Amino acid sequence: MRLGAGRFVAGETLDECLLVLRSLNDRGFYANTTLLGEGVRDEAETRAVVAAYEEVIARLDGMKANVALKLTHLGLELDEELAYENVRRLVDRGSFIRIDMEQSQFVDATLRIYRRLRSDGLDNVGTVLQAYLYRSEHDLADLLPLRPNLRIVKGAYLEPAEIAYPVKADVDAAYVRLVEASLAGGGYTAVATHDERMIEGALRFAEEHGIDRDRFELQMLYGVRPRLQRDLVSRGYKVLVATPYGPEWYPYLMRRLGERPANLLFFLQNLVRR
Ligand SMILES: Cc1cc2nc3c(=O)[nH]c(=O)nc-3n(C[C@H](O)[C@H](O)[C@H](O)COP(=O)(O)OP(=O)(O)OC[C@H]3O[C@@H](n4cnc5c(N)ncnc54)[C@H](O)[C@@H]3O)c2cc1C
């Protein structure tokens, strides 16, 4: 953590994380948190993750903060029914839960579980669509009748060209299409990107189409473009800072380093300084 993960991760314990979340709230940000971990392959371990999240949810009470989680942390690789039962226990508690989107092999099951929760009458749940996947525009069109709460991201995993745009400009163009279709579609949209052009474009689109500020929010990751985050809050927008914690921070950190060469440099400088 001291080598540099602390820039992107709010500590290894829930107590450390809550200090960060409180400070974000004090500065006008909303926040979410995630107990880092994925790919759990043991049923008992998934139950322990659920118990940990129950504590997180209880301790977030009264704060401007919610939970985002990964279904593979709740056992999706083991059994879809188990993942459904586990996430349902958490959604049943009534606070808003966002189901992150992981590698492409989990997209169908994730959307099935999301739909199942909604058809169970649970509305305090949202999920994520990734612009790099060719399928996401269809997925959005299929979901819109549910007035879904969707976070739109570019996509963080390495996916083959058969299913995902290999060229960044195409991902960016798909991102704009998805965000605009989601904003216009009547649900709630979380525009999750650090790309200032995309953010300003979304804000302009919302303004021009009379989409109220209570129908969307901006989301960024803890430690990424903090000045831009502050500027947007000072302009009166709802900005949520995604603020993960936990001892299993390594895969998360690797994704953040992979997104930007400068991050890798920052990390290596910390290594050298020690
Ligand atoms: C709140 C949130 C939740 C997310 N949830 C998911 C999810 O569920 N599933 C999923 O696949 N992906 C998720 N992602 C990751 C996302 O898919 C992208 O990988 C990530 O946001 C980088 O893309 P970008 O939109 O910021 O645009 P990019 O075009 O990659 O970057 C635009 C600019 O932002 C800055 N920037 C971007 N990333 C970084 C970074 N790591 N460090 C420093 N500067 C950076 C740079 O200045 C860059 O020029 C999430 C992202 C956010 C913000």
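**View 1. K168 and H194 reach the ligand through their side chains.** In this predicted model, a side-chain N or O atom of K168 lies 2.6 Å from an oxygen atom of the ligand. For H194, a side-chain N or O atom is 2.7 Å from a ligand oxygen. R256 joins in with its backbone instead: an N or O atom there is 3.3 Å from a ligand nitrogen. On its own the ligand would expose 920 Å², and the protein buries 87% of that (areas by the Shrake-Rupley method with a 1.4 Å probe). Local features here need pLDDT of at least 70, side-chain atom pairs count only at pLDDT 80 or more, and totals for chains, interfaces and linings use all residues. Residues are numbered from 1 along each chain as its sequence is written, and side-chain values use heavy atoms, without hydrogens and water.

**View 2. Here is the ligand's home, the largest pocket.** A pocket is an open set of points on a 1 Å grid over the protein atoms alone, where a 1.4 Å probe fits, with protein on both sides within 12 Å along at least five of seven lines. To sit in one, a molecule needs more than half of its atoms within 2 Å of the grid points. This pocket has a volume of about 1400 Å³, counted as the space filled by probe spheres set on the points. Its lining has 46 residues (each with an atom within 4 Å of a point), and G155, A156, H194, R256 and E259 lie nearest the centre.

**View 3. Now for the second largest pocket.** About 150 Å³ of space lies in this pocket. Its lining includes Y30, K64, F96 and E217.

Key. Polar contact = N/O pair within 3.5 Å; in protein donor to acceptor, adjacent residues only side chain to side chain.
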